[in-house]
Protein chains: 2
Amino acid sequence: MKGTEALTTIFREQGLRVTPQRQAIFRLLEGDVSHPTVESLFDRARADMPTISLKTVYQTVHDLEALGEVRVLDLGTGSVRVDPNVEDEHHHLLCTTCGRVRDLPVEFDGLIVPIRYRRDFTIDDVQVIFRGHCEHCFDRT
Amino acid sequence: MKGTEALTTIFREQGLRVTPQRQAIFRLLEGDVSHPTVESLFDRARADMPTISLKTVYQTVHDLEALGEVRVLDLGTGSVRVDPNVEDEHHHLLCTTCGRVRDLPVEFDGLIVPIRYRRDFTIDDVQVIFRGHCEHCFDRT
DNA sequence: TTGCTTGTTGACAACTCTTGTTGTTAGTAT
DNA sequence: ATACTAACAACAAGAGTTGTCAACAAGCAA
């Protein structure tokens, strides 16, 4: 995801307005590697801006997604997660106990679908989710 | 997934009762490769059994899952899908237009996480979702 | 077969996450 | 500064799934 200033320019170019609410969300997401849910973004945004609504956070996240600045992930945890890292291709490691998500660089070249299975299917995207337990949750199981 | 008779035995062994509703669901799932949603199972079950409730279908699916007889998939389509194929390891090809899901045999050996990323993480499961468009939906785009 | 015990059912409400609606506020270009 | 209109907050509603509970029936024993 680009920086707050760059996003401001991009939003204006697209005819989208840059409001304090949106800037707050830009700032929260910048450099965030925790893959936050919309709800948790909302909670953090509310600390500074008590009247911000959940809907606004969803809206802004979707706008960022439409601009390709974030990726919205559904890892099967019940709620959607925001991943501001769109620069590096990566997969995800999900702790099924605490819900923490970690990025996983793509270092393997095995994800190729044999041509006979692709013959009548156009593949746009691959999502790989590793599920397990992180150090913290493994200890206390 | 095992056959209806075998499931009847297994359920009884577990102290679970085998009702006409459950047997109907066993029969619907046997050999089904369409990865149906619970809702669609419900609709089909209702054809023969008009009073069956959605809750009963969910319940039975979860019981089957607990016994390892089906897998419950969340492919990000909004609703959960039931996969009775637990015998062969496979990934999934999802058409993001019509929602059809196809099994994909695992023929590649690339899904190994480098040890430095596994050091403090225990991996239980890998889910790979290929998204794209099936023949039918590609033509009409 | 009969009756008892207990898991299951079906109807309904509640829940979580996300999106639609609406009048009002405020960002942006001129 | 002004007008245009997107975005806002508040609220309600939608979809999918799960909880509650009284009535029921499967399974077991005699």
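## A walk around DNA strand D

Start with the protein surface near DNA strand D, whose residues split into six nonpolar, eight polar and five charged. Here Ala, Val, Leu, Ile, Met, Phe, Trp, Tyr, Cys and Pro count as nonpolar, Asp, Glu, Lys and Arg as charged, and the others, Gly among them, as polar. You're looking at a predicted model, where local features need pLDDT of at least 70, side-chain atom pairs count only at pLDDT 80 or more, and totals for chains, interfaces and linings use all residues. Residues are numbered from 1 along each chain as its sequence is written, and side-chain values use heavy atoms, leaving out hydrogens and water.

Now pick A:Thr19, A:Thr56, B:Arg12, B:Tyr58 and B:Val80: they come nearest of the 19 residues around strand D (near means a heavy atom within 4 Å). On the DNA side, sugar and phosphate make up 71% of the strand D atoms that come within 4 Å of the protein.

Next, colour α4(B), which gives the most to this surface, with four residues (helices are DSSP runs of H or I, at least four residues, numbered from the N terminus).

Zoom in on A:Thr56: a polar side-chain atom there sits 2.5 Å from a phosphate oxygen of strand D. Then try A:Arg17, with a side-chain N or O atom 2.8 Å from a base nitrogen of strand D. For B:Arg17, a side-chain N or O atom is 3.1 Å from a base nitrogen of strand D.

Definitions and conventions: Chains lettered and ligands numbered in written order. Polar contact = N/O pair within 3.5 Å; in protein donor to acceptor, adjacent residues only side chain to side chain. Helix = DSSP H or I, 4+ residues; strand = E, 2+ residues; numbered from the N terminus.
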